[in-house]
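Q: Could you take me through the packing in this model, with a close look at how its helices meet and at a few residues along the way? I'd like the geometry and the burial values together, please.

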Amino acid sequence: MKDGDKDGGGTTPGFAPGFAAWAGYTAMAVGMFLAILDIQIVASSLIDIQFALEIPADRLSYLQTAYLIAEIIAIALTGWLTRLLSTRWLFVAAMLGFVGASVGCAASESYVVLYAWRVIQGLFGGAIIPLVFTTVFLLFPLRAQTLATAIGGGFAMLAPTIGPFIGGWITETLSWHWLFLINLAPGVVAAATVAITIRVDRPDGSAWREFDLMSLFLVTVGLGTMELTLKEAPKWGWGDPLAIGLGTICLAAGFGAVRRLATRTQPLIDFSVFRDRTFAVGAWFSFVLGFALFGSVYLLPVYLGLVRGHGPLETGTIMVVMGATQLLTAPLATLMERKLDARLMTAIGFVLFAAGLVWNGFATFAWDFDQLFGPQVLRGAAVMICLLPATRLALGQLPADQVANGSALFNLMRNVGGAVGLALIDTVLENRPAHHVERIVSALQAGDRDTAAFVGLPLDKFTPEAIANIDAATKDFVQPLVERAAAVASFNEAWLMVGGLAALSLLMLPLMRPPQIRDHENQAHGGTPELRLPH
């Protein structure tokens, strides 16, 4: 019996997927959730880990950067690894490796050891993520793919939004070690479930012949220096020699990788899929979704901590609104994907998301749960409406032997979008506050009452006489308020930037065309490949 037959978790043509298929796929989605969640929950406890392991302040950010660099490299290579090991065994190996590395992180007694385990954890975690989206189009028949995409996408998008809450709760009730140990039980269960239930392809040992060490080196250097440049350049300054040097290495390695891979008969990463306009447009919207989603779940907790002074648990509780809305609206998004034209659904999703971002761009220092509720609801409702048509557009029309590679590149684009978004946001937050301080001080000296209200000064005491007679005590009182207002103004600019770029992304919408969606699962059982144009 070949892989893909119903006894191994596949489905029989003409019948709904069985319990084994859904159980195995859900286990894969849980594994992906853990891999994506790991970044968010660790961010909630950086200070605790820094204190416990005596991490120098200038090296603390590398706890996250090490994971992100390894993750993005692994995502890019998942297509080749899937051919080599099969979807089932790659997931099992990656899940168990991720769990083992999580235990290693928890047991680390120095930050050097912890960082090494974080690299290993990122490599295994990155390999998990694209496998879920690959499985949607290889395991399930056409009619079940929308629901399967909604489940997988829901887990993927939910992790960043509820991560701060989970991380905050662990930070305030347990020790930092549990940020990693939390992966142990669900990870082992997920690996075991997938090993028993999933059969969608076979290992192909001939893939070893495709292995090209130079291509791997160039891809690793290109993606690694890209992530490092985007992470650090906002802090160093984009004109800093180190930033320019890293950027140059990134471009040179990236160009070399693309050129070398293009000459290989069976490349480690097949970029030729981008020649397909349908895939390219879907990948573009994946990039924009990563830009908008990761940008928003980065900006909000930083604002709540810096401006409102909330701790990790309070911050996470506020951010649960977006995650809860996402869960509640997922059934509606699934129905919309079945009924609406993909272009109309994409437009609705990104307009809603952009509106939720722009709304946040008019905040004051007093904005808290009540004021942030509406923008979060808009963004939460938009997530699945954005994700479903882009995923189906990019992957649903690919031939079966290209789905794994396409899924790797589709997910890579989302992560690259997130990295670019965070770099632009950090650039705004690093450089704009000083400008706003000067502007606010000038406006206050000119007697601008609107600026005084934005800063939080008592308007009944904001008179020309008071402005003309400012003593040292008043300056000491006003200075932190001005700095807070400058921070809020910078956050607002970042929100408006992300929202504006998300809206502008819709200029690509006319290039979107309804693809022919392939029923790979039906074909796997010997049936004729079923093609249809989605609504």
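A: Happy to! One cut-off will help from the start: a residue counts as buried when its relative accessible area is under 20%, and as exposed when that value is over 50%. Please keep in mind that this is a predicted model.

Let's start with S86, which sits in the loop between α3 and α4 (87-107). Its relative accessibility is 1%, and therefore S86 counts as buried. The backbone of S86 deserves a look too, with phi near 85°, a positive value in a residue that is not glycine. As background, most residues other than glycine have a negative phi. E54 offers another case, with a positive phi near 55° in a residue other than glycine. E54 belongs to the loop between α2 (46-53) and α3 (62-85). At a relative accessible area of 67%, E54 is exposed, whereas S86 is buried at 1%.

Now for the helix pairs, beginning with α15 and α18. Helix α15 covers residues 403-445 and helix α18 covers residues 472-504; their axes come within 7 Å and cross at roughly 130°. That angle is why α15 and α18 are described as oblique to each other. The hand of the α15 and α18 crossing is right-handed. From α15, the contact draws on L424, I425, V428, L429, R432, P433, H436, V437, R439, I440, V441 and L444, and these meet residues of α18 that include V482, A485, A486, A489, F491, E493, M497 and L501. Sorted by class, the contact of α15 with α18 holds 18 nonpolar, two polar and three charged residues.

Helix α15 also packs against helix α14 (residues 369-395), at an angle of about 140° and with the axes 10 Å apart. This makes α14 oblique to α15, and their crossing is right-handed. On the α14 side the contact residues are A390, T391, A394 and L395, which meet V403, G406, S407 and F410 in α15. By class, the contact of α14 with α15 has five nonpolar, three polar and no charged residues.

Next, please turn to α1 and α6. Helix α1 (residues 19-43) and helix α6 (residues 145-173) have axes 8 Å apart and pack at an angle of about 30°. With angles under 35 degrees counting as roughly parallel, α1 and α6 are therefore roughly parallel to each other. The way α1 passes α6 is a right-handed crossing. The contact of α1 with α6 divides into 20 nonpolar, five polar and no charged residues.

From here we can zoom in on helix α12, which spans residues 312-339 and holds T329. The side chain of T329 reaches back to two backbone oxygens: that of T325 at 2.8 Å and that of Q326 at 3.4 Å. Setting aside residues up to four places away in sequence, T329 touches G380 and A381.

M319 is found in α12 as well. M319 has a relative accessible area of 2%, so it is buried. Apart from neighbours within four places in sequence, the contacts of M319 are T161, P164, V297, L300, P301 and Q376. There is also a long jump in sequence here: M319 and I162 are 157 residues apart along the chain, yet their C-alpha atoms lie 6.7 Å apart.

S215 gives a related picture in helix α9 (residues 213-236). Its relative accessible area is 1%, so S215 is buried. S215 touches R260, L261 and L268, again without counting residues up to four places away.

To finish, have a look at P510, placed in the loop between α18 and β1 (517-519). P510 counts as exposed because its relative accessibility is 66%. P510 and V281 are 229 residues apart along the chain, and their C-alpha atoms are separated by 9.8 Å.

Methods: Residues are numbered from 1 along each chain as its sequence is written. This is a predicted model: local features need pLDDT of at least 70, side-chain atom pairs count only at pLDDT 80 or more; totals for chains, interfaces and linings use all residues. Side-chain values use heavy atoms; hydrogens and water are left out. Axes are lines fitted to C-alpha atoms, for helices over the stretch in contact, and angles run from 0 to 180 degrees between N-to-C directions. Helices (H or I, at least four residues) and strands (E, at least two) are DSSP runs, numbered from the N terminus. Angles under 35 degrees count as roughly parallel, over 145 as roughly antiparallel, 65 to 115 as roughly perpendicular and the rest as oblique. A crossing is left-handed if the near helix is turned anticlockwise from the far one by less than a right angle, and right-handed if clockwise. Contact means heavy atoms within 4.5 Å. Ala, Val, Leu, Ile, Met, Phe, Trp, Tyr, Cys and Pro count as nonpolar, Asp, Glu, Lys and Arg as charged, and the others, Gly among them, as polar. A polar contact is a pair of N or O atoms within 3.5 Å; within protein, one must be able to donate a hydrogen and the other to accept it, and residues adjacent in sequence count only if both atoms are side-chain atoms. Buried means under 20% relative accessible area, exposed over 50%, partly exposed in between (1.4 Å probe, protein chains only).
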